Amino acid sequence: MGVAFTVLEGLLSSCIYFSLYLLIEMLLNHNVSSSRLTQLTLGLAGIFLIRLITYSIGYTQGQIGGAAVSKQIRLYLGDKFKKIPLFRFTQGQVGQYVNTMTSDVNSYEQILTHKTGNLVKNITLSIMLMGFVCWLYLPAGLILLTVSLLFIPNMWLSFRIVKKYGQAKNTICAEAVSSIVEYVSGIQTFRAYNMSGAKNKATTNAMKDFSNVCYKYEAMGIPVGFAFSIIDWLTVPVVMLVAAKAWMSGGLAGVDYLMICMMPMLLAKLFTSISIDLFSYKNLRISRNNIQKVVDGPEEQGMDKPFAPDSHDITFQNVRFSYVQGETVLNGVDFRAKVHKLTAIVGASGSGKSTILNLIAKYYEPQGGRILIGGRPVENVTAQRVLEQISIVDQDVFLFDDTVRENIRHARPEATNEEIESACRKANCDVFIRKMEKGYDTPIGENGNLLSGGERQRLSIARAILKNSPILLLDEATASLDIENELAVKQAIVNLLDDEKTVIMIAHTLSIIKNADQILVVSGGRISESGTHKELLAKDGKYVAMWSAEQKLSI
Ligand SMILES: Nc1ncnc2c1ncn2[C@@H]1O[C@H](COP(=O)(O)OP(=O)(O)OP(=O)(O)O)[C@@H](O)[C@H]1O
């Protein structure tokens, strides 16, 4: 509707030239009268009023329609992101996704709100004006028509440039966005190491690359447009000359000659506008294609049927995995984590403890072996369905820019305020929340930056308690906390373990898992030892070495 009204308004604007034609005719034929002038003025005023109305409707509908389409696309992409395998959300890819979700959708909206309407309007207007000149004096019309045919190779060249440099520009823009996202989220570290601003090489290089590709893109496009512009404007004197002969020999009326002289100027302006619009239309199609690429992108394999096994024990059978081809992280991991028992995973840094949790949560798929929950293999189940059975408390707590209450409610949207507060009491965070300015309704800033590390950890434990899922994955991270927070977090973890669940916990300090039902020692990509604390001490292996080292440190 927006496009239709914009085109209508454009066509109505051509009435000005027909009125001008009538006015000049009156002047040259000396038959100006006040009644004819009044008629003409009233006609113009009426058309102006109709144009005002059609323009307003066209503009408003275009904006409303564009915003609605943007909203729909963004919601659709949001849903799509839920189906894309989680391992694809790497740093570079995140930049591409952010770019698509923000600027590509904005550009696509522009196609709808501005470009399409303007293009149809200007092309129709040009055809009408050329038809008018042909009707007045055919040779002049044919000159204009010939020049307009040159527009086709000119556009073909422009499109080639857009294809070649536009895609590169878009890819480099996504890389720059990635770099900026990384820079802004890591600003504290960059500042601490005096790497902010121009000293941050990665970000400045990304910006430089982006400005270089933009420069190339414009530098290639400008000469093509410029060359056509020169030919286009040359039609003005040529048409003037050709038509002048006919006028002087009496074959053309004065008014017709004047109109013919004016039309090439008008057409040149219209062609410039069409070529700019087509150039950016082609460019905007890159954005549309980027959106389409995400839409058509591979989705997670597996059944999206509810996954509700009778039992929730977790079994690894000869699981093999590497993040990068050739660099094996897990090389035949076997274990069984029983229901209602605490299984602890220990091992040196980089041994693959978090990788085991990542595989259970289906952030990644193993390259060999099988993972079973309740005796049912999970390879044919979507991550979303598996994650419904799991609560995760790890070192990277992610909090939304919302109130404390809403942050916890994310774990179970239908939870009552009572349930949220009860979960917080168990997670040892009720006291500090109540001390905050608005209690549970206090906003906690972007990613909870108004909270301390220990407070953030406890909020994530409250979430896990509220979700109350049968499997709990814990990455214990109390090492960086002060003593008060460490005790509070440890107590919260103990409260969490009270509920009967299958719990797998990565322990960085062994004292916290002394009473675990089973301890797995990860080493060399395998479970090198397993058993209770007592059994492992009796084996005199890696666990004993780790335990002795910790005991020495704590003295
Ligand atoms: N996304 C990734 N891409 C490539 N390699 C990775 C990735 N994540 C982890 N790794 C590598 O895999 C290995 C195992 O990492 P993992 O995080 O599982 O170890 P971890 O035992 O949990 O270590 P820590 O105790 O220090 O947290 C390491 O060598 C690590 O560098």
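This passage walks through the helices, the strands and the ligand surroundings of a predicted model.

A good place to start is helix α7, which covers residues 201–248. Its 48 residues reach 70 Å from the first C-alpha to the last, close to the 70 Å expected at 1.5 Å a residue. Along the way there is a kink of about 25° at Val236, shortly before the proline Pro237. The buried residues of α7 are Thr203, Ala206, Gly221, Phe228, Asp232, Thr235, Val239 and Ala243. Several of these positions invite a look at helix geometry: an α-helix has 3.6 residues a turn, so residues three or four places apart point the same way. The cover over the buried residues of α7 includes α5 (138–185) and α8 (254–296). After α7 comes Gly250, with a positive phi near 85°.

At the start of the chain, helix α1 spans residues 2–13. Its 12 residues should span 16 Å at 1.5 Å a residue, and the end C-alpha atoms are 17 Å apart, which agrees. Buried residues in α1 include Val3, Phe5, Val7 and Leu8, and Glu9 is also buried.

Turning to the strands, an open sheet is formed by 4 strands in the order β2-β1-β4-β5, with antiparallel pairing. Because β2 (330–337) and β5 (376–377) stand at the edges with a single partner strand each, one side of each is left without a neighbour in the sheet. Within this sheet, β1 (residues 314–321) and β4 (residues 368–373) are joined in the antiparallel sense over 5 bridges. One bridge partner can be named here: Arg320 is matched with Gly368 in β4.

Strand β9 (residues 518–523) is mostly covered, with 5 of its 6 residues buried. Strand β3 (residues 342–347) pairs with β9 in the parallel sense over 5 bridges, and Gly347 stands opposite Val522 in β9. Strand β10 (residues 526–531) is also joined to β9 by 5 bridges, but these two strands run antiparallel. Here Leu520 has Ser530 in β10 as its bridge partner. Together β9 and β10 form a hairpin with 2 residues between them, and Gly524 in the turn has a positive phi of about 60°.

Finally, the ligand. Gly347 is again of interest, as one of the residues around the ligand. The others are Tyr323, Val324, Val329, Ser349, Gly350, Ser351, Gly352, Lys353, Ser354 and Thr355. By class, this shell has 3 nonpolar, 7 polar and 1 charged residues. Helix α9 (residues 353–360) gives the most to the shell, with 3 residues.

Definitions and conventions:
Residues are numbered from 1 along each chain as its sequence is written. This is a predicted model: local features need pLDDT of at least 70, side-chain atom pairs count only at pLDDT 80 or more; totals for chains, interfaces and linings use all residues. A residue is near a molecule or strand if its C-beta atom, placed from the backbone, lies within 6 Å of it. Ala, Val, Leu, Ile, Met, Phe, Trp, Tyr, Cys and Pro count as nonpolar, Asp, Glu, Lys and Arg as charged, and the others, Gly among them, as polar. The expected span of a helix is 1.5 Å times one less than its number of residues. The bend at a residue is the angle between axes fitted to the seven residues ending there and the seven starting there. A residue is buried if 20 or more other C-beta atoms lie within 10 Å of its own, exposed if 12 or fewer, and partly exposed in between; C-beta atoms are placed from the backbone. Two residues are in contact if their C-beta atoms, placed from the backbone, lie within 7 Å. Two strands pair if DSSP finds at least two bridges between them.
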